[in-house]
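Reader: I'd like to learn how to read a sheet, strand by strand, and then what packs around it. Can you walk me through one?

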There are 2 protein chains.
Amino acid sequence: MADKEISQAVISRLPRYFRYLGELKDDGVDRISSQELSVLMQVTASQIRQDFNNFGGFGQQGYGYNVQYLYEEIGKILGLDQTHHLIIVGAGNLGQALANYMNFERRGFLFEGIFDQNPVLYGKQIRHLTVQPMEAMESFVKEHNIDIAVLAIPKTAAVEVADKLVKYGVKAFWNFAHCDLNVPGDIPVENVHLSDSLIKLSYNLNSMGNKVKEDV
Amino acid sequence: MADKEISQAVISRLPRYFRYLGELKDDGVDRISSQELSVLMQVTASQIRQDFNNFGGFGQQGYGYNVQYLYEEIGKILGLDQTHHLIIVGAGNLGQALANYMNFERRGFLFEGIFDQNPVLYGKQIRHLTVQPMEAMESFVKEHNIDIAVLAIPKTAAVEVADKLVKYGVKAFWNFAHCDLNVPGDIPVENVHLSDSLIKLSYNLNSMGNKVKEDV
């Protein structure tokens with residue numbers, strides 16, 4: 001299904017298409033043209049058509065896209081017709097917040113376990129999960145067929161923990177630690193670097209301020 | 001200082017340079033060539049030089065870059081020599097996790113208040129912050145010169161709340177709600193769409209699986 005040649009920029013835009021199409025579907029919209037989708041999503045219609053052409057196009061020009069069909073096809077491309085089994089490493093504030101967020105499950109991302117190195121947290125219940133010691137990860141990953149590890153631990157520990165998890169059989173990382181992992185090239189990593197994102201906002205705020213030259 | 005013509009792709013890379021240079025500085029490294037930085041960061045030296053040329057170049061070819069100087073200059077470009085005043089809207093798991101994260105303060109991002117619409121949470125203490133009702137936001141934003149609002153609320157409320165906050169004087173949004181805001185063009189928004197990020201990981205995992213054709 002998936003084509004390796006497709007750029008990460010295109011792939012980054014797919015979840016947003018998926019989100020808008022899901023909302024259109026829920027609103028009872030049957031068909032939409034790239035022009036209408038363009039206005040809604042504030043990207044050019046030509047970009048939409050180019051992006052979709054990476055996957056065969058999906059629709060007949062002039063008739064617009066069938067919303068339900070497009071939603072399902074993009075879902076399949078994104079692997080959302082499959083179930084993923086996740087563990088969260090780190091049961092601090094962020095790890096707990098992620099464990100408490102139920103929307104991921106609706107998309108087939110099942111949190112199966114949460115681990116921490118702090119004995120104070122062992123046994124703590126977060127929804128259906130019980131915090132376990134890091135030493136329990138190896139057998140847990142193997143027994144539960146864990147394919148994705150969520151790293152919500154400090155950067156000082158993340159690289160080493162990731163290396164171990166690769167050995168245990170984890171196939172992908174959702175990394176919140178503020179560092180780059182050093183895992184083999186066939187192990188995808190998606191970084192969520194919150195500080196970097198906030199710093200980028202600071203730049204844009206700063207640059208906007210210089211542009212507007214407001215002295216309120 | 002900041003130049004409006006610089007692409008968001010370049011700006012997205014600046015925080016990562018800043019992070020690596022901070023680590024080099026902390027490790028006592030005085031000078032680094034674009035070649036060495038390239039190996040460390042796993043980007044091409046030519047990309048580094050191109051990125052830096054957007055800001056005048058920073059260094060003399062052959063001598064490498066002065067780490068401390070480069071770190072400070074990029075920090076200034078990113079607006080990190082300034083202090084920002086933030087509120088968090090939404091005191092659920094994510095809002096609380098963000099309020100508890102102290103690294104932002106070290107970079108000059110000061111959390112001044114946290115708000116929620118759930119009366120059960122009013123008065124709840126999260127570090128130095130006390131959860132206040134949403135109705136208190138308007139006067140708070142004005143009195144405390146809040147420039148950045150962090151939206152950690154459901155998407156059903158985010159667009160409306162953002163519109164209000166713009167009227168109250170907020171100048172930028174760090175948006176965790178799973179929707180696009182509809183604020184004026186001079187108000188920068190940095191989205192952290194966790195679901196989109198996890199879905200992108202799912203795509204890459206899926207596409208990797210197809211490539212490797214593993215049947216473990």
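Reader: Which residue does A:Ala149 stand opposite in S8(A)?

Author: The general idea comes in handy here: strands of a sheet pair through backbone hydrogen bonds, either parallel or antiparallel. In this predicted model, A:Ala149 stands opposite A:Phe173 in S8(A). One place along, A:Val150 has A:Trp174 of S8(A) opposite. Strands here are DSSP runs of E, at least two residues, and helices are runs of H or I, at least four residues, numbered from the N terminus. Two strands count as paired if DSSP finds at least two bridges between them.

Reader: How many bridges join S7(A) to S8 of chain A?

Author: Four, and the two strands, S7 (residues 148-151) and S8 (residues 172-175), run parallel. To get from S7(A) to S8(A), the chain passes through helix H8 (residues 155-168), in a right-handed β-α-β crossover. Right-handed means that, with the strands pointing away from the viewer, the path from the first strand over the helix to the second runs clockwise.

Reader: And which strand pairs with S7(A) over four bridges in the parallel sense, with A:Ile87 as bridge partner of A:Ala149?

Author: That's S3 (residues 84-89) of chain A. A:Ala149 in S7(A) is the bridge partner of A:Ile87.

Reader: Are the faces of S7 in chain A covered or not?

Author: Both are covered: A:Ile148 and A:Val150 are buried on one side, A:Ala149 and A:Leu151 on the other. Buried means under 20% relative accessible area, exposed over 50%, and partly exposed in between (1.4 Å probe, protein chains only). Across chain A, buried residues make up 52% of the 216 residues.

Reader: What is the strand order of the sheet, and why is one side of S5 and of S9 left without a neighbour?

Author: The open sheet has seven strands in the order S5-S6-S4-S3-S7-S8-S9 (chain A), and the pairing is mixed. S5 (125-126) and S9 (189-191) stand at the edges with a single partner strand each, so one side of each has no neighbour in the sheet. In total, chain A has nine helices and nine strands.

Reader: How do I read the cores, and which residues have the most contacts inside the largest one?

Author: A nonpolar core is a set of buried Ala, Val, Leu, Ile, Met, Phe, Trp, Tyr and Cys residues joined through side-chain atoms within 4.5 Å. The largest has 100 residues, and those with the most contacts inside it are A:Phe52, A:Ile74, A:Trp174, B:Phe52, B:Ile74 and B:Trp174. Leaving aside neighbours within four places in sequence, A:Ile74 is in contact (heavy atoms within 4.5 Å) with residues including A:Leu14, A:Tyr17, A:Phe18 and A:Phe52. Apart from that core lies another, of 24 residues, among them A:Phe115, A:Val141, A:Val161 and A:Val183.

Reader: By what turn can chain B be laid on chain A?

Author: By a turn of 180 degrees, with a shift of 0.0 Å along the axis and an RMSD of 0.0 Å. The copies are thus related as by a two-fold rotation axis. The superposition is by least squares on C-alpha atoms of residues with pLDDT of at least 70 in both. They meet through the same surface, because 100% of the interface residues of chain B are also interface residues in chain A.

Reader: Any bookkeeping to keep in mind?

Author: Residues are numbered from 1 along each chain as its sequence is written, and chains are lettered from A and ligands numbered from 1 in the order in which they are written. Local features need pLDDT of at least 70, side-chain atom pairs count only at pLDDT 80 or more, and totals for chains, interfaces and linings use all residues, while side-chain values use heavy atoms, with hydrogens and water left out.
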